[in-house]
Amino acid sequence: MRNAALVLGIIAGMIGMLVGFFSWGYTAAVEHWGEVPDLFEQVNNVNLVRAGALLAPMLAIAGGAMARSRALWGGILMVLSAGGMYAAFDFNVFTMFPISFALLGGILAIAAGKPDEEKAHF
């Protein structure tokens, strides 16, 4: 379960980085060139989108990397990442996989208490 959490967290972070690049770029482009009514309009909370674009993928990758040695901490980071992506980007066709992978990886990491190693985190 720890290996699955590791893979899911890293994949979630990589896909989340793509969503984050485009989200940050979109907010910067609208800020620089201005809004085009009914085509390009600024998001309601630019700072939330930009913070989510930076922090959420980073938490997913860090949580996935920690999932083998510190499953509880890695799982918590991945669940926080899923929540951050949901808050910043909402749940849509571009975010369904990173949010789902980060959440599932976090649940698997938290659930991996004793089966893999003698040292449980509970």
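**Exercise 1. Is S23 buried or exposed?**

Solution. The model is a predicted one, in which local features need pLDDT of at least 70, side-chain atom pairs count only at pLDDT 80 or more, and totals for chains, interfaces and linings use all residues. Residues are numbered from 1 along each chain as its sequence is written, and side-chain values use heavy atoms, with hydrogens and water left out.

Step 1. Fix the classes: buried means under 20% relative accessible area, exposed means over 50%, and partly exposed is in between (1.4 Å probe, protein chains only).

Step 2. S23 has a relative accessibility of 16%, so S23 counts as buried.

Step 3. Place the residue: S23 belongs to helix α1. Helices here are DSSP runs (H or I, at least four residues), strands are E runs of at least two, and both are numbered from the N terminus.

Step 4. List its partners, where contact means heavy atoms within 4.5 Å. With neighbours within four places in sequence set aside, S23 is in contact with V49 and F89.

**Exercise 2. Describe the protein chain as a whole.**

Solution. Step 1. The secondary structure comes to four helices and zero strands. Read from the N terminus on, the order of elements is α-α-α-α.

Step 2. The C-alpha trace spans about 60 × 20 × 20 Å along its principal axes.

Step 3. Of the 122 residues in the protein chain, 34% are buried. The chain exposes about 7200 Å², and carbon and sulfur atoms supply 70% of that area. Accessible areas come from the Shrake-Rupley method with a 1.4 Å probe; for residues, only the protein chains shown count as cover.

Step 4. Among contacts with a separation of 6 or more, 64% involve residues 24 or more positions apart.

Step 5. For charges, Lys and Arg count as positive and Asp and Glu as negative, while His and the chain ends are not counted. Each charge is placed at NZ of Lys, CZ of Arg, CG of Asp or CD of Glu. The 6 positive and 8 negative charges have mean positions 21 Å apart.

**Exercise 3. Classify the pair formed by Y26 and F40, and say which parts of the chain it ties together.**

Solution. Step 1. The rule: rings of Phe, Tyr and Trp (its six-membered ring) pair if their centres lie within 6.5 Å; planes under 30 degrees apart count as stacked, over 60 as edge-to-face and the rest as tilted.

Step 2. The structure holds two aromatic pairs. One of them joins Y26 and F40, with 6.3 Å centre to centre and 50° between the planes, and is tilted.

Step 3. Y26 lies in helix α1 (residues 2–33) and F40 in the loop between α1 and α2 (46–66), so the pair links parts 14 residues apart in sequence.

Step 4. Y26 is partly exposed at 29% relative accessibility, and F40 is partly exposed at 39%.

**Exercise 4. Characterise T27, M85 and L108 by location and contacts, leaving aside residues up to four places away in sequence.**

Solution. Step 1. T27 is in helix α1 and is buried at 1% relative accessibility. T27 touches Q42, V43, V46, V49 and R50. The C-alpha atoms of T27 and F40 are separated by 9.7 Å, at 13 residues apart along the chain.

Step 2. M85 is in helix α3 (residues 71–89) and is buried, with a relative accessible area of 1%. Its contacts are A12, G16, A56, A60, D90, P98, I99 and A102. From M85 to Q42 the C-alpha distance is 18 Å, across 43 residues in sequence.

Step 3. L108 is in helix α4 and touches M1, A4, A5 and L8. L108 and L72 are 36 residues apart in sequence and 9.6 Å apart in space, C-alpha to C-alpha.

**Exercise 5. Find the sign of phi at D38 and at D90, and locate both residues.**

Solution. Step 1. Most residues other than glycine have a negative phi.

Step 2. Phi of D38 is near 65°, a positive value. D38 sits in the loop between α1 and α2 and is exposed, with a relative accessible area of 77%.

Step 3. Phi of D90 is also positive, near 65°. D90 sits in the loop between α3 and α4 (96–111) and is partly exposed, with a relative accessible area of 45%.

**Exercise 6. Over which ring does the charged end of R70 sit?**

Solution. Step 1. The criterion is NZ of Lys or CZ of Arg within 6 Å of the ring centre and within 35 degrees of the ring normal.

Step 2. The charged end of R70 sits over the ring of W73, 5.2 Å from the ring centre.
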